[in-house]
Amino acid sequence: MGVPVPVPRRTLLTTLPAAALVALTPPLRARAASPPDRASGGPARSDGTTLVDPATAHAAVRDNMVAVFAGTAEVNARPDVAGKLAAIETTARTRLAALDGAGPGELFQGVPLGTSDPNLTTSFQYLYEIALATRVPGGALAGDTAVRRRVIDGLAWLYDQYYGDQDRGYYGNWHNWEIGISWHVSRTLVLLHADLAAYRPDLTPTYVAAMDGYLRNGRDGDVDLDSRFHTGANLVDITTNRILQGAVLGDDARISKAVADQLTVFATIDPYQLRHGVTDGYYADGSFIQHASVAYTGSYGRNLLTRVVQTIKILQGTGYLTGDELVRVVQGWVANAFAPLIFEGWMMEIVKGRAVSRTTTGYTDVAAVVEAVVDLSGHAADADAAALRGYVKFVRENSRATLNPTSFVSPVSIARYADILADSTTPAADLNPPARHAAFNAMDRTVHHRPGYAFALARNSRRISKYEYMNGENLLPWFQGEGAHHLYLAGQDQTEAYGVDYYTVVSPYRLAGVTAPVEERRSVPELYGTPWYDNPERGFTSSSESQNTYVYFPRGSHDHSGGASLGAYGTAGFVQSDDVAYLAKRAGQLPDDFVAYRNATATKSWFMFDDEIVVLAAGVGDGAGRAVTTTVDSRIARPTDAITVTGLLRDGRPWPGMVGGSASGTRDTAPGSSGPGVAAAGGGTRAGLAWLRYANASQGTAVGYVFLAGPAPTVSLDTVTRSRRVVRTANPDTPVTRQVFSVTVEQPAGAPPAAFAYALVPNATEQRLRTYRNGPLEVLVNTTRIQAVRHAGLGILAANVFAPGRHDVPVSGRTRGPRLSIDGPASVLIRTEPDGGLAIAVADPTTRRDTVAVTLRGRRLRTVTADPEVRLRRVPGGTRIEVRTWHAYGRSFTATLR
């Protein structure tokens with residue numbers, strides 16, 4: 001065995017380029033099997049690292065892992081971790097009781113084996129949980145040899161009966177066989193390393209060989225970086241398992257190879273120069289993608305964060321990693337990828353894929369992020385560590401739910417968390433400013449923060465999936481990426497507004513922000529009787545590429561999805577399209593019994609300011625002549641919450657209004673129904689609304705809706721009862737009753753395409769809504785070719801252009817501002833400063849253009865500051881701004897002019 005090879009990280013930056021890894025990993029692999037050239041503790045290398053002998057390094061990996069999951073004697077003596085230790089012991093004793101009560105074909109009572117891969121995975125998990133309790137310093141089961149031998153006997157029995165035969169195994173979900181089982185087994189082998197060596201020394205190499213054999217999407221029993229299964233969070237899980245396996249085998253080459261493979265996830269994804277064809281991972285704008293095209297920061301991205309931080313802890317002091325550069329990369333993820341997606345301790349739904357249908361909450365998601373940040377702070381440099389500690393405090397102080405540190409994986413993390421909270425020298429501080437616009441264009445997501453609210457927007461394109469369904473999770477997903485939004489209001493427990501209950505009681509066709517045809521769709525299990533479309537002869541198996549492409553997470557079919565950012569302001573544009581499954585079905589490329597659904601049409605823009613989100617929609621309709629519903633907003637409330645809806649008609653008369661709570665109507669509508677609920681009393685909406693205000697006095701929240709142009713909306717307030725199982729087959733059959741408030745624009749069958757404009761006004765008062773009658777917002781143009789607005793109060797003109805060619809933004813008669821023309825497609829934001837200067841941002845929302853040009857009419861302008869990609873030149877009657885957007889992937893370029 002060779003000496004552990006330290007990996008220098010001097011060249012790493014917060015966003016790590018893949019080229020740096022290309023230069024590092026070949027020498028790592030070449031040297032992994034080389035003989036040691038120094039004894040442990042010997043002279044340092046020229047790069048400043050110190051060699052560690054293999055046996056010491058392997059023992060350190062094992063000891064570190066035990067400390068991570070079982071704690072240390074010092075930590076476990078603290079009162080802060082008593083609850084965690086009690087939970088570990090209680091779990092172990094519960095598992096031991098189930099072990100005692102097992103019947104035929106079971107290792108644990110109630111977990112039958114033979115055909116269920118989830119049950120086999122669960123059985124290995126239970127053995128791990130028992131083994132863990134025997135390694136907890138100070139625990140009641142610590143050092144219990146008899147219990148440890150029961151675990152070893154259980155491992156042997158599972159291997160002999162259900163795991164060891166490679167021909168009989170690997171049924172069901174590949175993830176259980178390549179990742180899940182190996183995660184539990186690898187940790188158990190570490191926990192019981194000495195006992196196995198004394199009692200069953202054959203079992204460790206036997207299990208590792210079997211785990212290699214089940215790595216069937218790899219190559220020769222190892223990771224294959226070219227495999228679509230070995231990417232992102234999945235790759236980190238597999239390589240962490242292999243690090244632990246190397247530590248119990250004394251296999252230095254295995255550890256070094258696994259570390260090298262895992263390091264590839266630290267590289268920022270360059271979509272124009274993909275490594276191994278992989279699109280999964282973190283992007284320069286903070287986006288995270290898994291499954292090739294799913295926006296997934298809040299689930300897979302969170303899991304990756306957790307695992308890489310655990311790996312950093314496990315490898316500490318082993319010589320396999322040195323320096324703090326990797327820590328700084330992960331800190332960059334926390335600040336730019338996670339912090340914008342967390343609102344008052346809640347993880348936003350737009351980046352959770354199929355996990356939105358689970359009963360675990362956004363607060364639970366953030367607890368896992370907080371634990372990772374707590375651990376990261378223990379490895380970061382002084383200033384960085386202080387920033388991370390301050391963020392931990394910030395999340396704790398601003399969360400609407402109490403974070404229970406017992407949910408942390410590690411007792412050590414709990415102790416460090418308690419120390420951070422007790423440290424009076426570190427103030428609570430967000431990693432982001434209170435007003436921030438985050439354009440995650442690489443994953444078609446936008447987040448807009450202001451004191452008092454956060455707005456989250458989900459879109460799709462040829463690059464990004466419309467939704468994710470899989471394994472009976474997220475059964476009604478069709479419109480979750482069709483311009484759906486979440487408007488989070490400060491001070492509210494977000495479980496009362498969103499989470500699984502929102503998706504349970506709100507019709508999937510009436511998610512906030514969505515334009516959908518009026519029809520009834522069926523879930524995948526309803527269509528085919530199985531959790532997937534099963535047609536092996538045509539390439540459709542449970543984990544085939546065809547299943548992924550056309551069933552699990554289909555992409556859109558239009559390029560236009562993105563926008564420009566100028567400081568804390570932003571715009572987003574989106575062309576709604578059919579998914580790739582419908583297009584392939586129409587082209588005769590899919591089997592006759594494969595069902596695909598046609599979409600409605602719409603071209604939309606969102607202009608995000610301080611107090612308003614202005615939405616423009618044009619070309620809203622349906623090529624098949626169906627009726628279409630566009631949902632301005634949908635909000636939920638408890639049945640007893642005091643809801644009032646007030647408004648003003650365009651002719652100045654008060655709208656009749658609505659009252660919720662016990663007075664609202666009740667219905668138990670099938671989740672597939674897209675029919676309207678209870679219309680507003682008196683038909684007041686048909687008289688033409690100027691604005692509406694929804695208020696929940698019980699929650700202390702309110703949202704205003706200003707109708708700037710277009711058809712009159714319909715307002716409904718219903719009480720809906722549905723089971724959480726309608727969105728996920730594994731959810732408990734728990735009925736949920738909520739009031740559902742919706743504002744919609746209804747277009748009858750056969751109606752021509754419509755255009756309309758409205759503004760969402762978070763936390764609005766009636767007094768403020770009255771000011772919009774002659775207020776700061778002006779719609780300049782709203783077509784399928786160009787959409788533009790001007791905000792007089794902020795001096796901002798914002799435009800999205802969707803079609804090629806030159807497009808002039810109409811001159812406003814009400815407000816002053818620049819006159820401009822745009823060569824589209826493009827997104828443009830211009831702000832007139834008090835001194836007469838102009839700040840401009842330009843982006844290519846298609847990601848396919850080399851150059852975008854904007855011409856400002858009037859006086860000639862000069863550059864004050866500008867990105868290198870921005871060039872100015874004088875033209876007759878004004879100034880032409882040319883922006884090189886080649887390979888920018890939707891990034892905004894800015895300049896200040898005078």
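## A first look at cores, a helix and two sheets

Tyr705 is a good place to start: leaving aside residues up to four places away in sequence, it touches Val632, Asp633, Arg635, Ala690, Trp691, Leu692, Tyr694, Phe741, Val743, Ala759, Leu760 and Leu769, where contact means heavy atoms within 4.5 Å. This is a predicted model, in which local features need pLDDT of at least 70 and side-chain atom pairs count only at pLDDT 80 or more, while totals for chains, interfaces and linings use all residues. Residues are numbered from 1 along each chain as its sequence is written, and side-chain values use heavy atoms, leaving out hydrogens and water.

**Nonpolar cores**

- The largest nonpolar core has 221 residues, and Leu120, Tyr163, Tyr207 and Tyr705 touch the most other members.
- Another core, of 27 residues, lies apart from it and includes Val801, Val809, Val883 and Leu897.
- A nonpolar core is a set of buried Ala, Val, Leu, Ile, Met, Phe, Trp, Tyr and Cys residues joined through side-chain atoms within 4.5 Å; buried means under 20% relative accessible area, with a 1.4 Å probe and protein chains only.

**Helix 5**

- Helix 5 (residues 117–133) is largely enclosed by the rest of the structure, because 13 of its 17 residues are buried.
- At 1.5 Å a residue, helix 5 should span 24 Å, and its end C-alpha atoms are 25 Å apart, which agrees; the expected span is 1.5 Å times one less than the number of residues.
- Ser116 caps the N-terminal end of helix 5, with a side-chain oxygen 3.1 Å from the backbone nitrogen of Asn119.
- Helices (H or I, at least four residues) and strands (E, at least two) are DSSP runs, numbered from the N terminus.

**The sheet of strands 3, 4 and 5**

- These 3 strands form an open antiparallel sheet in the order 3-4-5; two strands pair if DSSP finds at least two bridges between them.
- Strand 3 (281–282) and strand 5 (294–295) are the edge strands, each pairing on one side only.
- Strand 3 pairs with strand 4 (residues 288–290) over 2 bridges, and Gly281 has Ile289 in strand 4 as its bridge partner.
- Helix 12 (residues 297–314) packs on this sheet and touches strand 3, strand 4 and strand 5.

**The sheet of strands 8 to 11**

- Here 4 strands form an open antiparallel sheet in the order 8-9-10-11.
- Its edge strands are strand 8 (436–440) and strand 11 (484–489).
- Strand 10 (residues 453–458) and strand 11 pair over 6 bridges, and Phe455 stands opposite Leu487 in strand 11.

How values were computed:
Axes fitted to C-alpha atoms, helices over the stretch in contact; angles between N-to-C directions. Buried < 20%, exposed > 50% of the residue type's maximum accessible area, 1.4 Å probe, protein only. Polar contact = N/O pair within 3.5 Å; in protein donor to acceptor, adjacent residues only side chain to side chain.
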